[in-house]
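Reader: I'm new to this structure and would like a close look at a single part of it. Could you pick up one spot and walk me outward from there?

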Amino acid sequence: MNLQAPQTGDQGATHTADATTAEESFAIQKEQAKFDSKAATEVAMQNTLLTPRFYTTDFDELDAIDVSPVRKDWDKLIAQMEADPNKGHFKKNEDWDHVDWDGMDPALRKEFIDFLISSCTAEFSGCVLYKEMKRRGSNSDITQLFQLMARDEARHAGFINDALREAGVAVNLGFLTQKKKYTYFRPKFIYYATYLSEKIGYARYITIFRHLEEHPEHRFHPIFKWFQEWCNDEFSHGEAFALLMKTDPKLTRGRNVLWIKFFLTAVYATMYVRDHQRPAFHKALGVDPDWYAHEVFTKTSELTKQIFPITLDIEHRKWQPTLVKLQRANVDLDAARKQGGVMGFVKKLSAQARAASAFATLYFIPTQKHQVPDSTRLEPAY
Ligand SMILES: [Fe+2]
Ligand SMILES: [Fe+2]
């Protein structure tokens with residue numbers, strides 16, 4: 001696919017926070033890419049079960065969506081996004097405190113950089129997908145929405161890259177666009193996965209933001225001060241996907257409910273395992289990762305009731321212990337890969353089997369069913 005960005009003109013924005021289109025943002029990023037570092041880009045290039053991926057889909061099917069059944073809510077949401085309350089917000093200002101990267105505990109530094117790279121890749125993954133949809137589509141409702149969402153994600157990714165650049169690393173986003181592998185998902189899987197990632201993204205950002213409001217002594221980096229407006233963007237994106245799904249009731253009925261259950265389980269489990277890989281980061285934030293996971297799952301489940309007829313039973317007696325098993329299997333899997341050789345191979349198979357069995361146990365925990373409301377629209381309330 002061709003994602004070459006046009007050059008910015010003299011009057012164009014010079015910072016991604018002020019860019020009003022993803023294209024403009026790409027051009028700015030391209031300028032900055034001269035300073036981007038190879039190691040960070042390599043981390044962002046990784047494709048494992050736990051690292052953010054880039055997606056592609058059947059854009060014609062997406063383009064054929066008719067939003068008339070949800071027109072009223074749709075127009076309201078688009079008007080909100082068009083008003084662009086966060087233009088200019090995602091850049092360093094006087095609230096940006098000095099970050100002592102050299103004085104930072106090395107374990108924290110490593111995990112935090114890893115967190116930033118992975119967040120930047122995830123933001124950019126959304127940007128690339130939305131931008132491509134906007135480019136390929138001809139349905140003005142759909143292209144308008146995707147253009148607005150691509151704009152936001154480009155700003156988010158650009159801002160994280162600003163933070164990384166201070167640490168002497170940054171992700172070369174242009175390079176990623178061209179070289180990272182794209183995973184094909186049919187549109188309905190894009191709806192489930194992207195809707196969930198937007199809503200869980202909101203829940204993650206707002207939970208950290210609220211926690212740090214109460215415990216500012218744990219705010220070891222200024223970027224957390226920006227999380228409130230940030231998560232409101234993600235909230236709107238989630239709202240848009242809820243409306244898209246609402247246009248076709250089949251998407252949330254019958255066999256598709258099993259897919260919804262699969263995506264909920266996969267997204268929750270991935271978050272749990274990935275967060276537990278960063279103990280120093282969570283300790284510095286003063287957050288117990290088990291508490292954090294439970295909090296984020298609770299908020300996300302509450303939100304997803306707007307469109308999904310089921311939620312996972314995260315209070316089930318098997319839920320938490322099985323997440324722990326999955327996480328341990330993942331740690332062992334990592335160690336076995338590093339060990340290599342015959343013994344490493346045997347250990348790897350055993351760890352994979354344990355991980356698969358834990359995932360299956362999570363998947364087969366009975367869900368909680370409920371009535372979905374007529375209108376999906378929600379406002380950020382946490
Ligand atoms: Fe974002
Ligand atoms: Fe988003």
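**Around the join between the domains**

Author: Let's start at Pro309, which sits in the loop between helix 12 and strand 3. Before going further, keep in mind that this is a predicted model. Pro309 counts as partly exposed, because 17 other C-beta atoms lie within 10 Å, and a residue needs 20 or more to be called buried. Leaving out its neighbours within four places in sequence, Pro309 is in contact with Thr252, Val257, Lys369, His370 and Val372. Another partner to look at is Arg253: it is 56 residues from Pro309 in sequence, yet their C-alpha atoms are 7.9 Å apart in space.

Now step back by one residue. Phe308 is found in the loop between helix 12 and strand 3 (310-311) too. Is Phe308 buried or exposed? Phe308 is buried, as 26 other C-beta atoms lie within 10 Å. Setting aside neighbours within four places in sequence, Phe308 is in contact with Thr252 and Ile260. So Thr252 turns up in the contacts of Phe308 and in those of Pro309, given that contact here means C-beta atoms within 7 Å. Phe308 and Ala242 are 66 residues apart in sequence, and their C-alpha atoms are 9.0 Å apart in space.

Why linger on this loop? Look at the domain assignment: domain 1 takes in 18-92 + 101-309, and domain 2 is 313-369. Pro309 has the number that ends domain 1, and Lys369, one of its contacts, has the number that ends domain 2. The C-alpha centres of the two domains lie 26 Å apart. Where they touch, domain 1 gives 12 residues and domain 2 gives 10 residues. On the domain 1 side, the elements that give two or more residues are helix 10 (256-275) and helix 12 (289-304). Helix 10 gives the most to that side, with six residues. By type, the residues on the domain 1 side are six nonpolar, five polar and one charged.

Across the join, follow helix 14, residues 341-364. With 24 residues at 1.5 Å a residue, helix 14 should span 34 Å, and its end C-alpha atoms are 35 Å apart, which agrees. Its buried residues are Ala351, Ala355, Ala358 and Leu362. What do those buried residues pack against? They pack against helix 10 and helix 13 (319-339). There's a handy rule to have in mind here: an α-helix has 3.6 residues a turn, so residues three or four places apart point the same way.

The two domains also share a nonpolar core. The largest one has 90 residues, and Leu164 and Val171 have the most contacts inside it. Helix 6 (residues 140-166) supplies the largest share of this core, 12 residues. The core draws at least three residues from each of domain 1 and domain 2. Asp152 lies in helix 6 as well, and this residue is buried, with 25 other C-beta atoms within 10 Å. Its C-alpha atom is 21 Å from that of Thr41, and the two are 111 residues apart along the chain.

Next, try helix 9, residues 227-246. Its 20 residues should span 28 Å at 1.5 Å a residue, and the end C-alpha atoms are 28 Å apart, which agrees. Of those 20 residues, 16 are buried, so helix 9 is largely enclosed by the rest of the structure. Phe227, which lies in helix 9, is partly exposed, with 18 other C-beta atoms within 10 Å. Not counting residues up to four places away in sequence, Phe227 touches Tyr205, Ile208 and Phe209. From Phe227 to Ala351 the C-alpha separation is 36 Å, with their positions 124 residues apart along the chain.

One piece of this comes from a record. An unreviewed UniProt entry carries the annotation "domain: Rubrerythrin diiron-binding" over residues 114-244. Over that stretch the chain is 79% helix and 2% strand, with the end C-alpha atoms 33 Å apart.

A last stop is Asp84, in the loop between helix 4 (71-83) and helix 5 (106-136). Its phi is near 55 degrees, a positive value in a residue other than glycine. Asp84 counts as partly exposed, with 13 C-beta neighbours inside 10 Å.

Technical notes:
Residues numbered from 1 in each chain as written. Chains lettered and ligands numbered in written order. Predicted model: local features only at pLDDT ≥ 70, side-chain atom pairs only at ≥ 80, totals over all residues. Domains from an automatic or database assignment. Contact = placed C-beta atoms within 7 Å. Helix = DSSP H or I, 4+ residues; strand = E, 2+ residues; numbered from the N terminus. Nonpolar A, V, L, I, M, F, W, Y, C, P; charged D, E, K, R; others polar. Expected span 1.5 Å × (residues − 1). Buried ≥ 20, exposed ≤ 12 C-beta atoms within 10 Å, placed from the backbone. Core = buried A, V, L, I, M, F, W, Y, C linked by C-beta atoms within 7 Å. UniProt positions renumbered as here; feature names shortened; annotations may be inferred.
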